[in-house]
Amino acid sequence: LSRNLSEYAGTGSYIGLYGEKCPEWIMLFWAILRSGNKPCLINLRQPVSFSKGILDTLSVKLVLYRDACPDFNRESLNFEALLEKSGKCDASYKTEFGNEFAISTNGTSLKEKICIYTGKEVSFQLLNILSMIEENSGLVETFKGKIKTLAFLPLYHIFGLEAMYLWYAFWGSTFVFLRDMTPDNILYTIRRYEVTHI
């Protein structure tokens, strides 16, 4: 994915990432970084017109998505199309990782606000968990030797990305994705797959 993306879109730009939490979203997030670009995480709860303004501010020319994507007045490419962009993976492919991502937030005002996080800032946030574990070891307690985190929060939100995904990826968690957000399915999934953390 990352090699196809760098060949298709070059390096050094913000690339939009649109979609609900799913394994493909995570793969696209890392593919953008690995291709030498920077993810712009599009908030699905904001109006499309508002998101267009954020994409304009960051000069985003390409939006990646998994299933469907609104018209943001720029090129868009789905997961499967990016995966098929070229043939065999070339072992000589090299590029430097992108070192930042952007998240938009609006609170309740719909006034544009973009937060940019660098790798260093994310590392500090991840390492802060060490002092939290001293206060609450339950953050990383296992059940039958495993940590299984319910992928419940949106990944385009800083708390979902940091506290749900990156913190628990750091500890080697398995992520359990929901088929849908109905209460019955949530309870069934937690019990069936022995989820340890929500």
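## A tour from the surface patch to the core

Begin by selecting Leu127, Leu130, Phe170 and Trp171, which together form a nonpolar patch on the surface with about 380 Å² of accessible area. Keep in mind throughout that the model is predicted. Within this patch, pick out Leu127, which lies in helix H5 (residues 119–127) and is partly exposed, with a relative accessible area of 45%.

Turn next to the interior, and select Trp25, Phe29, Leu41, Leu64, Phe101, Leu161 and Tyr165, the residues with the most contacts inside the largest nonpolar core, which has 51 residues. If you then colour helix H7 (residues 158–170), you will have the element that gives this core its largest share, seven residues. A second, separate core of six residues can be found by selecting, among its members, Leu150, Leu178, Ile186 and Ile190. As general background, nonpolar side chains in soluble globular proteins tend to be buried together.

Return to Leu41 and display its surroundings: leaving aside neighbours within four places in sequence, Leu41 is in contact with Leu17, Trp25, Phe29, Phe101, Ala102, Ile103, Ser104, Leu155, Tyr156 and Leu161.

From that list, move on to Ile103, which belongs to strand S5 (residues 100–105) and is buried, its relative accessible area being 5%. When residues up to four places away in sequence are not counted, Ile103 touches Leu41, Lys113, Ile114, Cys115, Tyr156, His157, Ile158 and Leu161. To see how the chain comes back towards this strand residue, draw a C-alpha to C-alpha distance from Ile103 to Ile116: the two are 13 residues apart in sequence and 6.5 Å apart in space.

Cys115, one of the residues touched by Ile103, leads to the last stop, the cysteines. How many disulfides does the model contain? With a disulfide taken as a pair of cysteine sulfur atoms within 2.5 Å, the count comes to zero. Select Cys115 together with Cys40, and you will find that the closest cysteine sulfur to that of Cys115 is the one in Cys40, at 11 Å, which is too far for a bond. Cys115 itself counts as partly exposed, at 21% relative accessibility. Then select Cys22 with Cys69, where the sulfur of Cys69 is the closest cysteine sulfur to that of Cys22 but lies 13 Å from it, and so is again too far for a bond. Cys22, at 7% relative accessibility, counts as buried.

Note on methods
Residues numbered from 1 in each chain as written. Predicted model: local features only at pLDDT ≥ 70, side-chain atom pairs only at ≥ 80, totals over all residues. Heavy atoms only, no water. Patch = residues over 30% accessible without salt bridge, like charges linked within 9 Å, V, L, I, M, F, W, Y side chains within 5 Å. Areas by Shrake-Rupley, 256 points an atom, 1.4 Å probe, with all protein chains shown as cover. Salt bridge = Lys/Arg side-chain N within 4 Å of Asp/Glu carboxyl O. Helix = DSSP H or I, 4+ residues; strand = E, 2+ residues; numbered from the N terminus. Buried < 20%, exposed > 50% of the residue type's maximum accessible area, 1.4 Å probe, protein only. Contact = heavy atoms within 4.5 Å. Core = buried A, V, L, I, M, F, W, Y, C linked by side-chain atoms within 4.5 Å.
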